[in-house]
Amino acid sequence: MDEESGWNLLKHLVFESEGDEDEISSFEEIGIKLVNKCDGLPLAIKAIAGVLYQQDKAKWVEILQNMYSKEIVQSWVAEGLIMDEQDQLRRDLPIENQRTMEEIGEEMYRELICRNLLEADASFDLSKSFFSMHDHFRSLSANLMREEGILYRHAEILRQACLRTLILIDSPKTKTIEDSVLQALPCLRVLDLTKTSIEKIPDCIGDLLHLRYLDLDGTNICEIPTSIGNLVNLQSLDISVCMYLERLPESIAKLHNLRRLDISCCPLLTYVPKGIGKLENLYSLHGFMVGQNNSTSEKGCDLEELKNLSKLRSITIDRLERAEGGASALANKPFLKQLSLSWMQPDEEEEVDNGRGDDAKANEEADGDGTYDEDANNDMGDGKDDGYGQGNESEEAGDTSTGSEVENEETENEEKVWSEEQISKAERICNEMTQPSSTIFNILFRQYPGRQFPSWMTSSSLAESFPNLTYLKLLGLPCCTELPPFGTLPQLKYLNIERASSITAIGSQFLGSRSSAFPKLEVLQFEDMPRWEEWTFNGAPLAVKLFPSLRACAIIDCPKLRALPDGLHRATNLNQLGLLQTYELGEINNITLAYRLEVTNGIGLKKISNIPSLRYLEVNDCPNLECVENLGKLQHLDLVCSEEMEQLPLWLRGLIEQHNNTASTHRSLKKFEMRCNRQLLKSCLEGNENWDIIEQIPNVKVQTYSGQEYLFYTKDPYNYDAKIDSTPTMATLRQKINALRQLQLSQIQA
């Protein structure tokens, strides 16, 4: 099936007859990419359509980015089904071009999907890589496997001495695994106990000499048996998100065939035993924790432990505030693709030392497979999701002065946490680290306390140093006052900057000095920057292309930002702009925005104008908005009123009149949605004071916040449905009581 036919099939299955043509067409680009992922195969397209039905654009992007399962690939490797290219006839290839077994497995998985040997299971969320197999293929496979792969009851397991794979995932009622079970299965290669309630692993696990894959992710274990060091063939060990795990055995350093080790998100784990650096076959290491050199009771590692791990593709390094030197930590890593560097604030460290940990922080940004939440992509997607994960925070917006004082106090407290010595030390450690390999495509800094970024991220040759960097997340910059020239990075697609509490201005230095600034950037997000006041492109010549590929931009919790940069209209492919809790922003105008604008808690916002291509506008609690004009292609208006608002905003009538003044064939406004209090809803009912506005709009949905009372109206064909509870509310009763008291008082006075 060709590309166009595939898109038509996907469009028909997902949208059926619903949705307007312009909105559907906005999905076409990502839809065609999905069709190509399926190689145009109708069965694969139908399976994906079942998952995409009634989903927003972010979900489409998430599915595009997850078309294979890392877990099943690692299982194949453990089963010995995939051979290393070095062991095959590919020794003629240069080392840098040789693929790992995992990379080969991922290609195989995609091919199985494309050939319909595996089918995406539409009854599950495809992003979690659930799949199914046709009954005929399953029967054939079962016949070929015979007793190697059957679903057993507990009693039957003990009779299957040749069993190679045992999976007990998502079984919270499973609290123990008996010694007799493991002793009866000496041939096990794969043991997956993910998200069970198992508290202890039997010592006899060390007898499973054929075991290659062990997954204890999300279990309740508090220790790992020393006997694990006997598993000389173990290739993958996942003990992430084990909330009660306090220590690792030193024998873990004996696992010389280990390829993947994940010990991230274990809040009670305070150090990694020395010897990890001997595991020279590691290609993925997550949760490496720098030890405390001054402690006599702990035998933790320093950064030097990493110097011999030359095969690493992905690594996360935590507790960098403990490091004393870092000269060789990133040296000799020619294949490194993903890097995460993380510090912990002294007050957080005190909580950990007291045994409380910080579970929320541990789970905030880390992802066991090193994708960092595959970030980015899911947070904002392709720029057409239904929001930014923020709720209606109208109460918070009620008193901006108080909010600003609280924010300033929190910022000052955050800065006081880091001493000058700690700030200088963080800068020194990062500068001492060898510049990461040019192969790197994903970098995460978390809670970096330095005022300056390391020299390898601020040099004029940034583009040459990181030609493949695609994802960059900076989550926590308490002391940094200026951002590097990230605009020169040639392949950067996603940039997320959060909690940069000392930045007050972003100017042309952010763009760099090339003919195109951020040439490939698609998603840009700023969040929680309480002192940021100014964003300008001053000094950028008109010949310089600014954000030519930008599709989605979000500015969240930046209360002092006064204006958007004048040159933002040069971002000609911008589809979505979200402005949430930007209290000082006064105007949004003269920008090229093709699809959606969302403004939430815009206390200072007074004007939205001259956005001629805008299709969807959401205004959420912007009480001082006075003017909304020149939105010639607006199709959908979504208004969320504060609880105190009793009248429709004056600008709404003007906006309706503007659209009615155009020729009927060119009128674009088709839908109006509003959430409001009961009184405002009643004013919109047929025959009431706002009905003359409502009746001009083709499709109207007005609801109270609970959704229990509503008005649904369509103009052509005419349909009117309204529900108003006749039972008086407490507010109505209070009003009547107060009115009665006033009447009695006036009678007494008379």
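Colleague: What share of the 750 residues in the chain do buried residues make up?
Modeller: This is a predicted model, and its chain holds 20 helices and 30 strands. A residue counts as buried when its relative accessible area is under 20%. Of the 750 residues in the chain, the share that is buried comes to 51%.

Colleague: Which residues have the most contacts inside the largest nonpolar core?
Modeller: In soluble globular proteins, nonpolar side chains tend to be buried together. The largest nonpolar core here has 155 residues, while a second, separate core of 12 residues includes Leu9, Leu10, Val14 and Phe27. Inside the largest core, the residues with the most contacts are Leu303, Phe526, Ile588, Leu597 and Ile608.

Colleague: Why do the buried residues of helix α17 lie on the same side of it?
Modeller: Helix α17 covers residues 650-660, and its buried residues are Trp651, Leu652, Leu655, Ile656 and His659. An α-helix has 3.6 residues a turn, so residues three or four places apart point the same way. The buried residues of α17 lie on the same side because, around the axis, they cover an arc of only 140°.

Colleague: And which elements do those buried residues of α17 pack against?
Modeller: The residues in question are Trp651, Leu652, Leu655, Ile656 and His659. Their packing partners are three strands and a helix, namely β25 (627-629), β26 (636-640), β27 and α19 (691-694).

Colleague: Which residues form the covered face of strand β28?
Modeller: In a regular strand the side chains alternate between the two faces of the sheet. In β28, which spans residues 699-704, the uncovered face consists of Asn699, Lys701 and Gln703. The covered face is made of Val700, Val702 and Thr704.

Colleague: Which residue of β29 is the bridge partner of Lys701?
Modeller: Strand β28 is joined by 6 bridges to β27, running parallel, and by 5 bridges to β29, running antiparallel. With β29 it forms a hairpin that has 5 residues in between, where Gly707 in the turn has a positive phi of about 80°. Across this antiparallel pairing, the bridge partner of Lys701 is Phe712.

Colleague: Where is the cis peptide bond that leads to Pro717?
Modeller: Pro717 belongs to the loop between β29 and β30 (719-723). The bond has an omega near 0°, and it runs from Asp716 to Pro717.

Colleague: Is Phe547 buried or exposed?
Modeller: Phe547 sits in the loop between β18 (545-546) and β19 (552-556), and its phi is positive, about 50°, although it is not a glycine. Its relative accessible area is 1%, and the cut-off for a buried residue is under 20%. Phe547 is therefore buried.

Colleague: With which side chain does the side chain of Gln345 make a polar contact?
Modeller: Gln345 is part of the loop between β10 (338-342) and α11 (346-353), yet it counts as buried because its relative accessibility is 11%. Its side chain makes a polar contact, at 2.8 Å, with the side chain of Gln447.

Colleague: What separates the C-alpha atoms of Glu482 and Gln509?
Modeller: Glu482 is in the loop between β12 (471-475) and β13 (494-498), where it counts as partly exposed at 47% relative accessibility. Leaving aside neighbours within four places in sequence, Glu482 is in contact with Phe453, Ile503 and Gln509. Although Glu482 and Gln509 are 27 residues apart along the chain, the separation of their C-alpha atoms is 8.6 Å.

Conventions
Residues numbered from 1 in each chain as written. Predicted model: local features only at pLDDT ≥ 70, side-chain atom pairs only at ≥ 80, totals over all residues. Heavy atoms only, no water. Buried < 20%, exposed > 50% of the residue type's maximum accessible area, 1.4 Å probe, protein only. Helix = DSSP H or I, 4+ residues; strand = E, 2+ residues; numbered from the N terminus. Pairing = 2+ DSSP bridges. Polar contact = N/O pair within 3.5 Å; in protein donor to acceptor, adjacent residues only side chain to side chain. Arc of directions from axis to C-beta. Contact = heavy atoms within 4.5 Å. Core = buried A, V, L, I, M, F, W, Y, C linked by side-chain atoms within 4.5 Å.
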